[in-house]
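Dear colleague,

I am passing on a structure to you with this message, and I would be glad if you could open it and keep it in view while you read the notes that follow.

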Amino acid sequence: MHAPISLAKVDVDASHRYGPLTVHDGLKFSVAANEFICICGPSGCGKTTLLDMLAGILVPSSGHVHIDGTPANPKKHSISFVFQEPSTFPWLTVSENVATGLNIKGAPSDQVRSKVASIIDIVGLKGFEDYYPHQISGGMKQRVAIARAFATEADLILMDEPFVSLDQPTREHMQREVLDIWRHMKRTVIFVTHNLEEAVYLADRVLILSAKPARIVAELPIPLQHPRDPLSTEFTEIRSKCVQWLHASH
Amino acid sequence: MAATTKGDAGRSDMPEAMGAGIRIVAWNVLSLAIALVIWQLASRAVGSPFFPAPMQIVDAFIQLATRGDTTGHSLWEHSWASIERVLVGFGLGVIFAVPLGLLMGLYPKLYAGTRAVIEPFRFIPPIAWIPLAIIFFSGLTRFAFLIFLGAFFPIFTSTLVGVARVEPIHRKVGIVHGASKLWILRHVVIPTVMPDIMAGMRVGLGTAWLTIVAAELAGGISTGLGRMMINYAELIMVPHVIVGMLLIGLIGFLMNEVLLLIERRLFRWRWQVSL
């Protein structure tokens, strides 16, 4: 894979309200380039709103969301998004789906072909290139969505509980795969999850959000080497610290 | 549908599907034969010149096909005249209904604001336009206009409704990757709406075919299957009238089959194409 050209540094200081409902009130944090952070919080703390602001498709009511110093804008910045819900296009084959982001960016077709082939190999969908989404399992569809997000080699990759619909073994497998891709490609990743174990397993740093109006209640660096062992004492210690913060955030 | 095996999705179950297809054709041939036998027996039982037997229809068909009708027009001239009118009017209907349906689907306010103008027209049957069409237009234009009216609304309405079916998440995939509005229209909206457009086209084609016969019956022209039928009805030559009816059914059926074929090619990604 290529060395990163632009390094997406994210800087958030934003409030957002829908009518009388304040979703975020002075939410403030920053993410270093190539950092992998996980955001955890209670249900309904406005994580989707936060991700939409980070993706530049929602402008905060006040404050700013900056990527490399300018307001987040999907046409200017190189951003990818893995959604929680199924998001593959049913009328495209697996490889056409994976190529979507590259095609939007107008990449030349030979480059699209080679990138799609290599990313399909990484997510373990080799042999399924010409299948349509209805012919493969839900877990495989999510892998297609992940491959699509990583294929563009975006500087910033946003992931909204991408594994929530997967069973435990597939989930663990996908976590390892995402870490693997991230280590290959070194991008900035912001990963939202309800699952603290997942967060501690994946992230360089875990941010804990409070209930609405959401603000950051804790920032926990995870100074453990990959691959991490969820049964090790260091892991469980950090995990229980996260649990305490999450409970305190309600 | 059975799960397909690895490697060659959708093609590996061909032999099975073909076997089922042959069986269905066989059943259709059988039921057609039974219908013809019942017709023959009924005609013989009634024994009236106004209730011809199948063979008389065949004779009338051969006569019309080889020697033409009383006015000197061949069966093909009549058929082609009707088909041409339908294709022109239907084509115009598609050209206007699809973009307008997409536009109003994408901008619901535009539709909401013009409903009072659009909707009443929907409930004027194309046949009710025939008198005006006779005054204002002649020849191909008259029929194209009437058929356009018949085909427009089914296609327009199903396109309009189809746009509402676009998944917000699919739009969002485009937007987060920085796609333009045009990209989203071409790669998200149109693929989603395509099945509805095709369904509307099949309904529209049915309406178009219905309208052409009525318009030709209304007179003023010398060709067309409707015209031919009314000529023979005036001569009380029942078998020739029935030839016209059967041809209308057959041509409509074949046109629908062509659309279905296109649908099956376009929508290989779907589980199945509805009837």
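A good place to begin is the start of chain B, where pLDDT stays under 50 over residues 1-12, a stretch for which the model has 14 contacts beyond four places in sequence. Please keep in mind that this is a predicted model. For chain B as a whole, the mean pLDDT is 87, and 92% of the residues reach 70 or more. Among the elements of that chain, helix H3 (residues 75-106) of chain B has the highest mean pLDDT, at 94, while helix H1 (residues 14-46) of chain B has the lowest, at 88.

Turning to the interior, the largest nonpolar core holds 100 residues, and those touching the most other members are Phe29(A), Ile39(A), Leu54(A), Leu158(A), Ile190(A) and Phe156(B). Helix H8 (residues 181-217) of chain B gives the most to this core, with 15 residues. If you select Ile190(A) and leave aside its neighbours within four places in sequence, you will find it in contact with residues including Val10(A), Ile39(A), Leu54(A) and Leu158(A). There is also a second, separate core of 53 residues, which includes Cys38(A), Val112(A), Ile157(A) and Leu179(A).

Finally, in chain B, the axes of helix H9 (residues 225-234) and helix H10 (residues 238-266) come within 8 Å and cross at roughly 160°, which means that H9(B) is roughly antiparallel to H10(B). Their crossing is left-handed, and the residues making the contact include Leu225(B) and Tyr232(B) of H9(B), together with Val241(B) and Ile248(B) of H10(B).

With best wishes

Notes
Residues are numbered from 1 along each chain as its sequence is written. Chains are lettered from A and ligands numbered from 1 in the order in which they are written. This is a predicted model: local features need pLDDT of at least 70, side-chain atom pairs count only at pLDDT 80 or more; totals for chains, interfaces and linings use all residues. Side-chain values use heavy atoms; hydrogens and water are left out. pLDDT is the predictor's confidence in each residue, from 0 to 100. Helices (H or I, at least four residues) and strands (E, at least two) are DSSP runs, numbered from the N terminus. Contact means heavy atoms within 4.5 Å. A nonpolar core is a set of buried Ala, Val, Leu, Ile, Met, Phe, Trp, Tyr and Cys residues joined through side-chain atoms within 4.5 Å. Buried means under 20% relative accessible area, exposed over 50%, partly exposed in between (1.4 Å probe, protein chains only). Axes are lines fitted to C-alpha atoms, for helices over the stretch in contact, and angles run from 0 to 180 degrees between N-to-C directions. Angles under 35 degrees count as roughly parallel, over 145 as roughly antiparallel, 65 to 115 as roughly perpendicular and the rest as oblique. A crossing is left-handed if the near helix is turned anticlockwise from the far one by less than a right angle, and right-handed if clockwise.
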